[in-house]
Amino acid sequence: MFSNETKTLKTKKHMSFTTDLIHSIPVDETTGAISVPIYQTTTFVHSSPGVHQGYDYTRSGNPTRKVLEDLVSRPELRDRNYQIAHFDSPDERGIDCGLLYQEKYFQLISAKPMPVGLKEPKDTSGSVDYTRDVLYVAGLMDGEPVHVMVCHWPSRRGGESASAWMRAAAAAVCRRVADSIQAVQPDARIIVMGDLNDDPNNKSLTDVLLSRGNSAKMKETDFYNPLFTEYKNGNGTLAYRDSWNLFDQILVSKPFTSKRYGGWQLYKTVIFKQPWMLQTEGAYKGYPFRTFVGDNFMNGYSDHFPVYLFFLKRA
């Protein structure tokens, strides 16, 4: 999300506002679920020709996108004029990537879904499965060209090692996009962000995407991962079996890290973690306060903490 908001939520009033936003989605009358359902449907039943319940085909409207539209239309956000960049992906779970941005700070030039094909290394049939796309967005941030890739790389289902090739495939898509941009514009400002389902030291990031935890040791085409130090210090964005992972990451290309390029510079990185976002009791005490644990509704927020970056620019 592109915004100029830098305030820290501290007061009860702010906490109530945040809680209201997160829990503003109506209950699903069919199932009773408060968590937002992900709709995998591409076509919808018509009671008669041209008569439907608001959706006729995914490409012309989708309930999942409608959640973003409802969010940015909330009274608390409406005046900020958030816009949406989003495409439906072929992911079998119906998961898409999206970007919210404010037009007065970020002017969108183009947006495009980048397919992520998964071909099992030992499969000789040539079949390819497709997971969620990488959302590529190009625009101007206060007049400076910026390229953004929003990601949700494949999960570790089946085991970290057994599924590593899938995240490497997603990382390779991001690397190819970056290579294409840098071949034309070597000093391009590129941001890669999202739930990568890998930690900063995993090979998908270090060997495929070419990300580094030390900006002084970067090559011209490398990415800087400002969350590498947080991870080394034992911090994370999600907990699993009493250990922390840092899957939620934002990486930047070298021009964001060196003053010799001028323009926008990375100032600092934050894992947003507040007491009201933590589970306070039970087996998961200290974990992110999630919405569900199995089939049990917890009325929480997410099983991941969000991360964000501050950028500065000399006036």
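**Close-up views of a predicted model**

**View 1. The sulfur atoms of cysteine 174 and cysteine 151 lie too far apart for a bond.** In this predicted model, the cysteine sulfur closest to that of cysteine 174 belongs to cysteine 151, at 3.6 Å, and because a disulfide is counted when the two sulfur atoms are within 2.5 Å, this pair does not qualify. A search covering the whole structure returns zero disulfides. Cysteine 151 accordingly takes part in no disulfide, its nearest cysteine sulfur being that of cysteine 174.

**View 2. Cysteine 151 is buried, and cysteine 174 also counts as buried.** The relative accessible area computed for cysteine 151 is 4%, whereas the value for cysteine 174 is 0%; since buried means under 20% relative accessible area, cysteine 151 falls within that class, as does cysteine 174.

**View 3. Helix α4 comprises the 25 residues from 160 to 184.** At 1.5 Å a residue, helix α4 should span 36 Å, and the C-alpha atoms at its ends are 36 Å apart, so the expected and computed values agree. Helix α4 nevertheless contains a kink of about 25°, which is centred on methionine 166.

**View 4. The protein chain that surrounds these details contains six helices and 17 strands.** Of its 315 residues, 42% count as buried, and the accessible surface of the chain comes to about 17,600 Å², with carbon and sulfur atoms contributing 52% of that area. Among contacts in the chain with a separation of 6 or more, 61% are between residues 24 or more positions apart.

Terms used: Residues numbered from 1 in each chain as written. Predicted model: local features only at pLDDT ≥ 70, side-chain atom pairs only at ≥ 80, totals over all residues. Heavy atoms only, no water. Helix = DSSP H or I, 4+ residues; strand = E, 2+ residues; numbered from the N terminus. Expected span 1.5 Å × (residues − 1). Bend = angle between axes of the 7 residues up to and from the residue. Buried < 20%, exposed > 50% of the residue type's maximum accessible area, 1.4 Å probe, protein only. Contact = heavy atoms within 4.5 Å. Areas by Shrake-Rupley, 256 points an atom, 1.4 Å probe, with all protein chains shown as cover.
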